[in-house]
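This text leads through one protein chain, from a pair of helices to the interior and then to single residues. Keep the sequence and the 3D view open while reading.

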Amino acid sequence: MVYSLRNFSFKTIADKIDWKLLLFLMLFLDVKLAVKIPALILIYLLRFNFRFNFSLKNSRLPLFYLVIIGVSFISLLVNQSYHSANYLPLFFMGIIFWALCLLAIHQVKLSVETNSAEALHRTVLVFFIINLAFSFFNIAHIIWETGAINPYRYQGEYQKYFIGTGDYIRGLTFDTSTTNAVLNAFGVVYFLSRKNWVMVLACMAVLLLTGSNFTNLALMAVLGLLFIFRSTKDQKSIIVVCLMFLVVFMAKVSPQNNMYAYETFKNAIEPPKVVAPPPVADETKVNQVLSPEDSRRAFAKKYLDSIKNARNKMAMAPAKPAAPIPSVGQGRIIVPGPDINTPPYQTPIDTSAEQRQLLAFIDHHESELPISSKNTFSWGLPGKGIAMLQTVAFLRHNPVKIAAGDGLGNFSSKLAFKATGLGLEGGYPSKFVFINKDFIMNHLDVYLNFFSKRAELHSLTNSPFSVYDQLLAEYGLLGLAAFVLFYIWFFARHYKKLTYGLPLLMLMLAVFFIDYWFEQLSVIVFFELLLLLNIKETLPSSPINYVPSRA
């Protein structure tokens, strides 16, 4: 049975959902680590179980989490990173993050094992409804604050919203808008398979409101494959409607976002040429050959000439007639709208406090930052592309690190950014600040090069964040192989029977390019829930339905 908003009943839902799972999702997906950890503690108190049941064949949970922890210790020994006192707290904090991922998927798996598929589907539906409510409240609050029906074109308040309006559509998790975008992209695929058309369109609308160009592109690619290879006539129609939503949003609601995406792609393919300014005579050097008296006379002459020229221009300028008062035919006066060329309607050019902190760091570490320390900014590859090339070059010049990588938190991870003490990706104790030289000369340098500059450069395409980059750089080929064999294949081996699970897996493979999702402790958990649920309902006789015995 497919549940939609038409037959939505609070009584039916309340009696037939997994409240423990719903509460866990609402708390654990919150952006604050101070909420995630209590959420895990609470769910383990409500459902105390530590029977993970790992095995080499048909493991109950992905072996990836165990293997990646093992690779971390191998890298620690090989690179001898333990010699740095400040590195060990960072290392064990990284191990804790992987352990949290494991503890989370175990509880999700317990919910899948102990509940019927329909109860889980209702739980997922309620979660999405709550997230939609939060997201629509976000946009409603912005409309009320600005007084503009379309804040994506509102340029007031120094363009606080305008093209960046989507950044404030954070939904239930209060995380970045990208997290909300990915969750709603999951919702589009999931509800499309469930044939819940209202929820498909609602999730698509929120996805567009977040303004995540990459997620839009990835979802359209997945929907295109579904349209061609696996969809009914009704599903094809809804896919076309979703495409129309995207076209209308990019063309009418937020055309500047469309231009931004186009310019980003254009600059990456064909960087604009930097035109050198014409040479200007150095007045100080000219004055150095004059005597002090002659120098003063030359300065006074230029000053008097400038005053005379200004007076002549004012005298010759024709008097401007008084502007007529705008009115309609019946004589009613029209109040002119604000001048969008005035400062309140332009992007502020002042350097923010965050940028000043980054610039101060660049000045202090100039010799270690070959890219960001340059006085001029040059267009070229986006930051993510530069970061991937850095990783490949680093491993090529350090073959001893190809197998197990540079080590946890030493090159490319959320934890590496957090440990800088710059407030990136959250706070970090100042006495334990740690910055590896490989990190500062590569990915941190790329980040500073873009995010210490003007706001339009602060985008996903310019951040070095990527799961693939993280695994290759910090865990080497062992980590990357573990990810493919023990995580991706754990789900993909059921590809012949999966319905919405297969397109969700394809979408997640694309999303892995844009952030350190395992350390984010949000999107991954929900992805795992949907995949485990799809495996349960399509393979009823598989080991996925193992129900642990009660002690």
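Start with two helices, α16 and α20. The angle between them is about 20°, and angles under 35 degrees count as roughly parallel, so α16 and α20 are roughly parallel to each other. In the sequence, α16 covers residues 383-397 and α20 covers residues 467-492. Their axes are 10 Å apart, and the crossing of the two helices is left-handed. From α16, the residues A387, M388, T391 and L395 take part in the contact, and they meet D469, L472 and A473 from α20. Sorted by type, the residues of this contact are five nonpolar, one polar and one charged.

Now step back to the whole chain. The model is a predicted one. Its secondary structure consists of 23 helices and zero strands. The chain has 551 residues, and 47% of them count as buried. Which contacts hold a 75% share among those with a separation of 6 or more? They are the contacts between residues 24 or more positions apart.

The next topic is the interior. In soluble globular proteins, nonpolar side chains tend to be buried together. In this model, the largest nonpolar core has 118 residues. Within that core, Y487, F512, F518 and F526 have the most contacts. Helix α5, residues 87-114, supplies the largest share of this core, with 13 residues. F518 can serve as an example of a core residue. Setting aside neighbours within four places in sequence, F518 is in contact with F64, Y65, W98, C101, V467, F483, Y487, F512 and I524. There is also a second, separate core, which has 20 residues, among them L444, F451, L457 and F465.

Single residues can now be taken in turn, beginning with L521. Its place is in the loop between α22, residues 517-520, and α23, residues 523-538. Is L521 buried or exposed? The relative accessibility of L521 is 3%, and L521 therefore counts as buried. Not counting residues up to four places away in sequence, L521 touches F28, L29, L33, K36, F97, L100 and C101. One of these partners, L33, is 488 residues away along the chain, yet the C-alpha atoms of L521 and L33 are separated by 8.8 Å. The backbone of L521 deserves a look as well: its phi is near 55°, a positive value in a residue other than glycine.

N53 also has a phi near 55°, again a positive value in a residue other than glycine. This residue lies in the loop between α3, residues 33-46, and α4, residues 64-79. With a relative accessibility of 38%, N53 counts as partly exposed, because that class runs between 20% and 50%.

Three further residues sit in helices. The first to find is S111, in helix α5. S111 has 0% relative accessibility and so counts as buried. Apart from its neighbours within four places in sequence, S111 is in contact with D18, L21, R47 and L120.

The next is G187, in helix α8, which spans residues 177-194. For G187 the relative accessibility is 0%, so G187 counts as buried. Leaving out residues up to four places away in sequence, G187 touches F128, L192 and C203. The C-alpha atoms of G187 and V124 are separated by 9.3 Å, while their positions lie 63 residues apart along the chain, counted as a separation in sequence.

The last is N216, in helix α10, residues 213-229. Why does N216 count as buried? Its relative accessibility is 4%, and buried means under 20%. Beyond its neighbours within four places in sequence, N216 is in contact with L207, L208 and L246.

Definitions and conventions
Residues are numbered from 1 along each chain as its sequence is written. This is a predicted model: local features need pLDDT of at least 70, side-chain atom pairs count only at pLDDT 80 or more; totals for chains, interfaces and linings use all residues. Side-chain values use heavy atoms; hydrogens and water are left out. Axes are lines fitted to C-alpha atoms, for helices over the stretch in contact, and angles run from 0 to 180 degrees between N-to-C directions. Helices (H or I, at least four residues) and strands (E, at least two) are DSSP runs, numbered from the N terminus. Angles under 35 degrees count as roughly parallel, over 145 as roughly antiparallel, 65 to 115 as roughly perpendicular and the rest as oblique. A crossing is left-handed if the near helix is turned anticlockwise from the far one by less than a right angle, and right-handed if clockwise. Contact means heavy atoms within 4.5 Å. Ala, Val, Leu, Ile, Met, Phe, Trp, Tyr, Cys and Pro count as nonpolar, Asp, Glu, Lys and Arg as charged, and the others, Gly among them, as polar. A nonpolar core is a set of buried Ala, Val, Leu, Ile, Met, Phe, Trp, Tyr and Cys residues joined through side-chain atoms within 4.5 Å. Buried means under 20% relative accessible area, exposed over 50%, partly exposed in between (1.4 Å probe, protein chains only).
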